[in-house]
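Please read the following note with the structure open beside it. Each numbered point takes up one part of the fold.

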Amino acid sequence: MTAPLVLMLSAAHPPDDVRVVRKEGAALAAAGWRVRHLCPGPADAPPAVAGVAIETFARRRGWSGRLLGIPALARRAAASGAAVLHGSEPDAWAAALLAARRSGARVVLDVHEHYPSRLDPRLPRALHGAAHAVMRGLCRLAGRAADAVVVAKDGLAEDFSAPGRTVAVRNYAPALPVAPRVHVPGPVTLVHIGALGRSRGWPQMLAALALCPAGTRLRVVGRFTDGSEPEFEAEAGRLGLLPRIDRTPWLPQAEAIARVAECDIGLVLFQRGETNHALALPHKLFDCMLAGLPVIVPDFATEVAAAVREAGSGLCVETGDPAAIAAAIADLADPARRAALGAAGRAAALGRFGWAGEAERLTALYRRLAPLPPAGPLAAPGL
């Protein structure tokens, strides 16, 4: 018998997405399911990543384009023959639910963010309450219609009112073969990995760097997601920091973590004012821990601060205050202290906060939704 097909359905996530493909999809493929990622991307995208087949489409521009693209996405999902449709954003959830009505597939909603507050930056404050109520109602309807809800953070589950069908699969650290940082005396290099923008703290990051000793350097690995890169460059130039900043574009996860492991202190500088920042549990935190770096994180980010305190892997500060960030960097000047915190973080990333337990929760859910054939030779996996 051929293993059931799982279609990871994305309206925005890229072909090589860390959570959707390299964590969730790869875990399901390794366990025996056939897995395909239907997502926006170039026609020449790799045919497979981490055991997951890649099928791309041209995405329409803007939110209106994404909404108008739901019917076409649903048609492709319905025609896929998938036993389970695993949607990764609200428009992908809608497409999956529409497709399931035609195909009879099971539907899993993968919830990465707090969607009731997602539009807050685009709406006047007076409309936030009404927008939250509408989005929460839509989330509940989707949760009732789906077969299961997978949440990336514990604080996201309540909006879906599906307690018996909700499974937490957190963005914990994958067991990648990355040698940990060896901490030595001398000037330190700070590192920020992943998406960056104003609300993720680059103004405070630059202001803090300007307060640090002249030998302190900053490495930025990733991309700007809010169009503020020219402002970052201008502010770094105004502060005379450009010679101290190393810019590296987006890299595949293993390569990015290897670059992180060349640095000394990891930065997670989400700013107050967004619910998603308070509930954050980002890949970058666990990437830095896996690389053996102590981390500086927001004290208001509930799950981030709890993980760092439990692991003993860094310092929780008011990330809106550059002086507090700079003071934390100074507190980590001692290489023995960095080494101790980094070792504790790495041990936690390979154990308590490792991906293996999260992968097992996901595969246990799928064993209920789309059981694999009995043990024995399987038919060729026609991905």
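The points below treat confidence, then the two sheets with their helices, and then one pocket.

1. This model is predicted. Its chain has a mean pLDDT of 93, and 98% of the residues reach 70 or more. Residues 377-383 require caution, since their pLDDT stays under 50. For this stretch the model has 13 contacts beyond four places in sequence. Where pLDDT is low, the predicted coordinates should not be read in detail.

2. One open sheet contains eight strands in the order 3-4-2-1-5-6-7-8, and its pairing is mixed. At its edges are strand 3 (48-49) and strand 8 (166-168), each of which pairs on one side only. Within this sheet, strand 2 (residues 34-40) and strand 4 (residues 52-57) are parallel partners over five bridges. As a point of reference, H37 stands opposite I54 in strand 4.

3. Two helices may be examined against these strands. Helix 3 (residues 70-79) lies across strand 1 (5-9), strand 2, strand 4 and strand 5 (84-87), and runs at about 145° to strand 4. Helix 4 (residues 90-103) lies across strand 1, strand 5 and strand 6 (106-111), and runs at about 175° to strand 6.

4. Another open sheet has six strands, ordered 11-10-9-12-13-14, with parallel pairing. Its edge strands, strand 11 (245-248) and strand 14 (314-317), each pair on one side only. From one strand to the next, the twist averages 20°. Strand 12 (residues 265-267) runs parallel to strand 13 (residues 295-298), and two bridges join them. Here G266 stands opposite V295 in strand 13.

5. Which strands does helix 6 touch where it packs on this sheet? Helix 6 (residues 202-211) touches strand 9 (189-193), strand 10 (217-221), strand 11 and strand 12, and its direction makes about 160° with that of strand 10. Helix 12 (residues 322-331) also packs on the sheet, touching strand 9, strand 12, strand 13 and strand 14. The direction of helix 12 makes about 165° with that of strand 14.

6. The second largest pocket has a volume of about 270 Å³. Its lining comprises 16 residues, of which A173, P174, A175, L176 and W355 lie nearest the centre. By class, ten of the lining residues are nonpolar, four polar and two charged. Helix 1 (18-31), helix 8 (253-260), helix 13 (335-350) and helix 14 (355-369) each supply at least two residues of this lining. Helix 14 gives the most, with three residues.

Key: Residues are numbered from 1 along each chain as its sequence is written. This is a predicted model: local features need pLDDT of at least 70, side-chain atom pairs count only at pLDDT 80 or more; totals for chains, interfaces and linings use all residues. Side-chain values use heavy atoms; hydrogens and water are left out. pLDDT is the predictor's confidence in each residue, from 0 to 100. Contact means heavy atoms within 4.5 Å. On a 1 Å grid over the protein atoms alone, a cavity is a set of points where a 1.4 Å probe fits but cannot get out, and a pocket is an open set with protein on both sides within 12 Å along at least five of seven lines; lining residues have an atom within 4 Å of a point. Grid points are joined across faces, edges and corners, and a volume is the space filled by probe spheres set on the points. Helices (H or I, at least four residues) and strands (E, at least two) are DSSP runs, numbered from the N terminus. Ala, Val, Leu, Ile, Met, Phe, Trp, Tyr, Cys and Pro count as nonpolar, Asp, Glu, Lys and Arg as charged, and the others, Gly among them, as polar. Two strands pair if DSSP finds at least two bridges between them. Axes are lines fitted to C-alpha atoms, for helices over the stretch in contact, and angles run from 0 to 180 degrees between N-to-C directions.
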